[in-house]
Amino acid sequence: MPLYAVTGGIGSGKSHVCRLLEQAGHPVFRCDDEARRLMHVDLGLQNELRRIVGPDVYDNRGRLRKDVMSAFLHRGKEQADHVGALVHPRVALSLMEWVAAFGESRKPLFMECALLYESGFDRLCDKTIFISCPDEERIRRVMARDGVDRDKAARWMALQMPEAEKRRRADYIVVNDGQADIAAQLRAILPKH
(Lines give C-alpha, C1' and ligand atoms only; values in the text may rest on other atoms or scores of the structure.)
Protein backbone atom coordinates (compact mmCIF):
# COMPACT_ATOMS: atom_id res chain seq x y z
CA MET A 1 0.00 0.00 0.00
CA PRO A 2 1.31 3.47 -0.73
CA LEU A 3 2.44 5.72 2.11
CA TYR A 4 2.14 9.43 1.40
CA ALA A 5 3.86 12.04 3.53
CA VAL A 6 2.18 15.40 4.09
CA THR A 7 4.62 18.16 4.95
CA GLY A 8 4.94 21.93 4.94
CA GLY A 9 6.18 24.80 7.03
CA ILE A 10 4.71 26.01 10.28
CA GLY A 11 1.27 27.52 9.68
CA SER A 12 0.88 25.99 6.21
CA GLY A 13 -2.17 23.95 7.18
CA LYS A 14 -0.78 20.40 7.24
CA SER A 15 -3.15 19.40 10.03
CA HIS A 16 -6.16 20.83 8.19
CA VAL A 17 -5.28 18.84 5.07
CA CYS A 18 -4.82 15.69 7.17
CA ARG A 19 -8.23 16.19 8.79
CA LEU A 20 -9.74 16.34 5.30
CA LEU A 21 -7.95 13.10 4.42
CA GLU A 22 -9.30 11.43 7.56
CA GLN A 23 -12.81 12.65 6.80
CA ALA A 24 -12.44 10.96 3.41
CA GLY A 25 -11.58 7.70 5.20
CA HIS A 26 -7.79 7.71 4.96
CA PRO A 27 -5.68 6.71 8.00
CA VAL A 28 -3.19 9.38 9.11
CA PHE A 29 -0.15 8.91 11.36
CA ARG A 30 0.88 12.18 13.00
CA CYS A 31 4.61 12.24 13.69
CA ASP A 32 4.45 15.21 16.09
CA ASP A 33 1.72 13.54 18.16
CA GLU A 34 3.73 10.32 18.34
CA ALA A 35 6.87 12.23 19.34
CA ARG A 36 4.93 13.88 22.19
CA ARG A 37 3.47 10.53 23.25
CA LEU A 38 6.90 8.91 23.33
CA MET A 39 8.34 11.79 25.37
CA HIS A 40 5.65 11.04 27.96
CA VAL A 41 5.92 7.25 28.12
CA ASP A 42 9.47 6.22 27.10
CA LEU A 43 11.58 6.35 30.26
CA GLY A 44 14.85 5.91 28.35
CA LEU A 45 13.96 8.85 26.13
CA GLN A 46 13.03 10.92 29.17
CA ASN A 47 16.45 10.30 30.72
CA GLU A 48 18.22 11.25 27.50
CA LEU A 49 16.17 14.43 27.18
CA ARG A 50 17.00 15.40 30.77
CA ARG A 51 20.67 14.95 29.89
CA ILE A 52 20.66 17.20 26.80
CA VAL A 53 17.83 19.68 27.50
CA GLY A 54 18.26 19.86 31.26
CA PRO A 55 16.76 18.27 34.37
CA ASP A 56 13.85 20.72 34.41
CA VAL A 57 12.47 19.50 31.05
CA TYR A 58 10.19 17.26 33.17
CA ASP A 59 8.38 18.51 36.26
CA ASN A 60 8.51 16.75 39.64
CA ARG A 61 5.56 14.57 38.58
CA GLY A 62 7.36 13.41 35.42
CA ARG A 63 5.36 15.53 32.98
CA LEU A 64 7.09 17.12 30.01
CA ARG A 65 7.41 20.89 30.39
CA LYS A 66 6.48 22.16 26.95
CA ASP A 67 7.76 25.65 27.73
CA VAL A 68 11.25 24.32 28.55
CA MET A 69 11.33 22.02 25.51
CA SER A 70 10.06 24.75 23.19
CA ALA A 71 12.62 27.25 24.48
CA PHE A 72 15.41 24.70 23.92
CA LEU A 73 14.25 23.82 20.39
CA HIS A 74 13.86 27.43 19.35
CA ARG A 75 17.42 28.31 20.37
CA GLY A 76 18.63 26.99 17.04
CA LYS A 77 19.24 24.16 14.63
CA GLU A 78 21.90 22.46 16.73
CA GLN A 79 19.53 22.03 19.69
CA ALA A 80 16.72 20.82 17.45
CA ASP A 81 19.11 18.32 15.83
CA HIS A 82 20.10 16.93 19.26
CA VAL A 83 16.47 16.30 20.20
CA GLY A 84 15.70 14.95 16.73
CA ALA A 85 18.54 12.43 16.96
CA LEU A 86 16.85 10.99 20.05
CA VAL A 87 13.22 11.21 19.00
CA HIS A 88 13.19 10.55 15.24
CA PRO A 89 14.39 6.91 15.34
CA ARG A 90 11.71 6.07 17.90
CA VAL A 91 8.99 7.77 15.85
CA ALA A 92 10.19 5.96 12.70
CA LEU A 93 9.85 2.62 14.49
CA SER A 94 6.32 3.51 15.61
CA LEU A 95 5.44 4.54 12.05
CA MET A 96 6.68 1.24 10.62
CA GLU A 97 4.66 -0.70 13.22
CA TRP A 98 1.58 1.40 12.36
CA VAL A 99 2.00 0.73 8.63
CA ALA A 100 2.52 -3.02 9.24
CA ALA A 101 -0.73 -3.17 11.22
CA PHE A 102 -2.66 -2.42 7.99
CA GLY A 103 -1.38 -5.65 6.42
CA GLU A 104 -2.23 -6.03 2.74
CA SER A 105 -4.61 -3.07 2.56
CA ARG A 106 -4.38 -1.28 -0.77
CA LYS A 107 -5.79 1.96 0.55
CA PRO A 108 -3.25 4.79 0.74
CA LEU A 109 -1.87 5.66 4.16
CA PHE A 110 -0.67 9.11 5.18
CA MET A 111 1.73 10.55 7.67
CA GLU A 112 1.83 14.18 8.72
CA CYS A 113 5.46 15.15 9.21
CA ALA A 114 6.61 18.75 9.63
CA LEU A 115 10.29 17.77 9.55
CA LEU A 116 9.98 15.25 6.72
CA TYR A 117 13.27 16.03 4.99
CA GLU A 118 15.19 17.12 8.08
CA SER A 119 14.38 13.81 9.81
CA GLY A 120 15.02 11.68 6.73
CA PHE A 121 11.46 10.32 6.92
CA ASP A 122 11.04 11.00 3.19
CA ARG A 123 12.95 7.70 2.76
CA LEU A 124 10.11 5.89 4.53
CA CYS A 125 7.31 6.95 2.19
CA ASP A 126 6.37 6.44 -1.44
CA LYS A 127 5.27 9.97 -2.30
CA THR A 128 5.47 13.40 -0.67
CA ILE A 129 2.85 16.15 -0.64
CA PHE A 130 4.02 19.66 0.19
CA ILE A 131 1.40 22.04 1.58
CA SER A 132 2.14 25.48 0.16
CA CYS A 133 0.92 28.69 1.72
CA PRO A 134 2.11 32.30 1.31
CA ASP A 135 4.44 33.46 4.10
CA GLU A 136 2.12 36.29 5.20
CA GLU A 137 -0.78 33.89 5.64
CA ARG A 138 1.43 31.44 7.56
CA ILE A 139 2.58 34.23 9.89
CA ARG A 140 -1.03 35.30 10.47
CA ARG A 141 -2.05 31.70 11.28
CA VAL A 142 0.86 31.12 13.68
CA MET A 143 0.18 34.42 15.48
CA ALA A 144 -3.50 33.53 15.90
CA ARG A 145 -2.89 29.89 16.84
CA ASP A 146 0.01 30.36 19.26
CA GLY A 147 -0.66 33.86 20.56
CA VAL A 148 2.78 35.12 19.52
CA ASP A 149 3.81 38.36 17.85
CA ARG A 150 4.85 38.68 14.22
CA ASP A 151 8.57 38.73 15.01
CA LYS A 152 8.42 35.46 16.95
CA ALA A 153 6.33 33.75 14.25
CA ALA A 154 8.85 34.85 11.61
CA ARG A 155 11.78 33.60 13.74
CA TRP A 156 10.11 30.19 14.08
CA MET A 157 9.59 30.04 10.32
CA ALA A 158 13.25 30.93 9.74
CA LEU A 159 14.37 27.91 11.79
CA GLN A 160 12.78 25.53 9.30
CA MET A 161 14.08 24.27 5.98
CA PRO A 162 13.40 26.86 3.26
CA GLU A 163 10.03 26.44 1.55
CA ALA A 164 11.68 26.49 -1.88
CA GLU A 165 13.73 23.41 -0.95
CA LYS A 166 10.68 21.51 0.31
CA ARG A 167 8.78 22.46 -2.84
CA ARG A 168 11.67 21.26 -5.01
CA ARG A 169 11.83 17.88 -3.26
CA ALA A 170 8.08 17.19 -3.13
CA ASP A 171 6.27 14.89 -5.53
CA TYR A 172 3.06 16.94 -5.28
CA ILE A 173 2.13 20.44 -4.16
CA VAL A 174 -1.20 21.36 -2.57
CA VAL A 175 -1.98 25.06 -2.27
CA ASN A 176 -3.65 25.97 1.04
CA ASP A 177 -3.96 29.74 0.82
CA GLY A 178 -7.53 29.96 2.09
CA GLN A 179 -8.88 30.23 -1.47
CA ALA A 180 -7.83 27.08 -3.36
CA ASP A 181 -10.00 23.94 -3.37
CA ILE A 182 -7.92 21.52 -1.29
CA ALA A 183 -10.24 18.55 -1.75
CA ALA A 184 -10.05 18.85 -5.55
CA GLN A 185 -6.25 19.02 -5.40
CA LEU A 186 -6.13 15.87 -3.25
CA ARG A 187 -8.49 14.01 -5.59
CA ALA A 188 -6.15 14.81 -8.49
CA ILE A 189 -3.20 13.32 -6.57
CA LEU A 190 -4.66 10.17 -5.06
CA PRO A 191 -5.04 6.94 -6.99
CA LYS A 192 -8.62 5.84 -7.67
CA HIS A 193 -9.76 2.83 -5.61
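Visitor: Which residues have the most contacts inside the largest nonpolar core?

Guide: As a general idea, nonpolar side chains in soluble globular proteins tend to be buried together. Here we are looking at a predicted model. Its largest nonpolar core has 33 residues, and L49 and M111 have the most contacts inside that core.

Visitor: Which helices and strands each supply at least two residues of this core?

Guide: Go along the chain and tick them off: β1 (3-7), α2 (31-41), α3 (43-53), α4 (66-73), α5 (77-100), β3 and α6 (116-119) each give at least two residues. The largest share comes from α5, with seven residues.

Visitor: And what other core lies apart from that one?

Guide: There's another core of 14 residues, and C18, F110, L186 and L190 are among them.

Visitor: Back to M111, then. Is M111 buried or exposed?

Guide: To read this, look at the relative accessible area: under 20% is called buried. M111 has a relative accessible area of 0%, so M111 is buried. You'll find M111 in strand β3, which covers residues 109-112.

Visitor: What does M111 touch, leaving aside neighbours within four places in sequence?

Guide: Try picking these out in the picture: M111 is in contact with L3, Y4, A5, V6, F29, C31, L95, L116, F121 and C125. For a sense of scale, take D181 too: M111 and D181 are 70 residues apart in sequence and 21 Å apart in space, C-alpha to C-alpha.

Visitor: F29 is on that contact list. Is F29 buried or exposed?

Guide: Use that cut-off of 20% again. F29 has 7% relative accessibility, so F29 counts as buried.

Visitor: How many aromatic pairs does the structure hold?

Guide: Three. To read a pair, check the distance between ring centres and the angle between the planes; over 60 degrees counts as edge-to-face. F29 and W98 make a tilted pair, 5.5 Å centre to centre with 55° between the planes. This pair links distant parts of the chain: F29 sits in strand β2 (residues 28-30) and W98 in helix α5, 69 residues apart.

Visitor: Why is the pair of W98 and F102 edge-to-face?

Guide: Their planes stand at 75°, so the pair is edge-to-face, with ring centres 5.0 Å apart. Put the rings together and F29, W98 and F102 form one aromatic cluster.

Visitor: Is F102 buried, exposed or partly exposed?

Guide: Partly exposed is the class between under 20% and over 50%. F102 has 29% relative accessibility, so F102 counts as partly exposed.

Note on methods:
Residues are numbered from 1 along each chain as its sequence is written. This is a predicted model: local features need pLDDT of at least 70, side-chain atom pairs count only at pLDDT 80 or more; totals for chains, interfaces and linings use all residues. Side-chain values use heavy atoms; hydrogens and water are left out. Helices (H or I, at least four residues) and strands (E, at least two) are DSSP runs, numbered from the N terminus. Buried means under 20% relative accessible area, exposed over 50%, partly exposed in between (1.4 Å probe, protein chains only). A nonpolar core is a set of buried Ala, Val, Leu, Ile, Met, Phe, Trp, Tyr and Cys residues joined through side-chain atoms within 4.5 Å. Contact means heavy atoms within 4.5 Å. Rings of Phe, Tyr and Trp (its six-membered ring) pair if their centres lie within 6.5 Å; planes under 30 degrees apart count as stacked, over 60 as edge-to-face and the rest as tilted.
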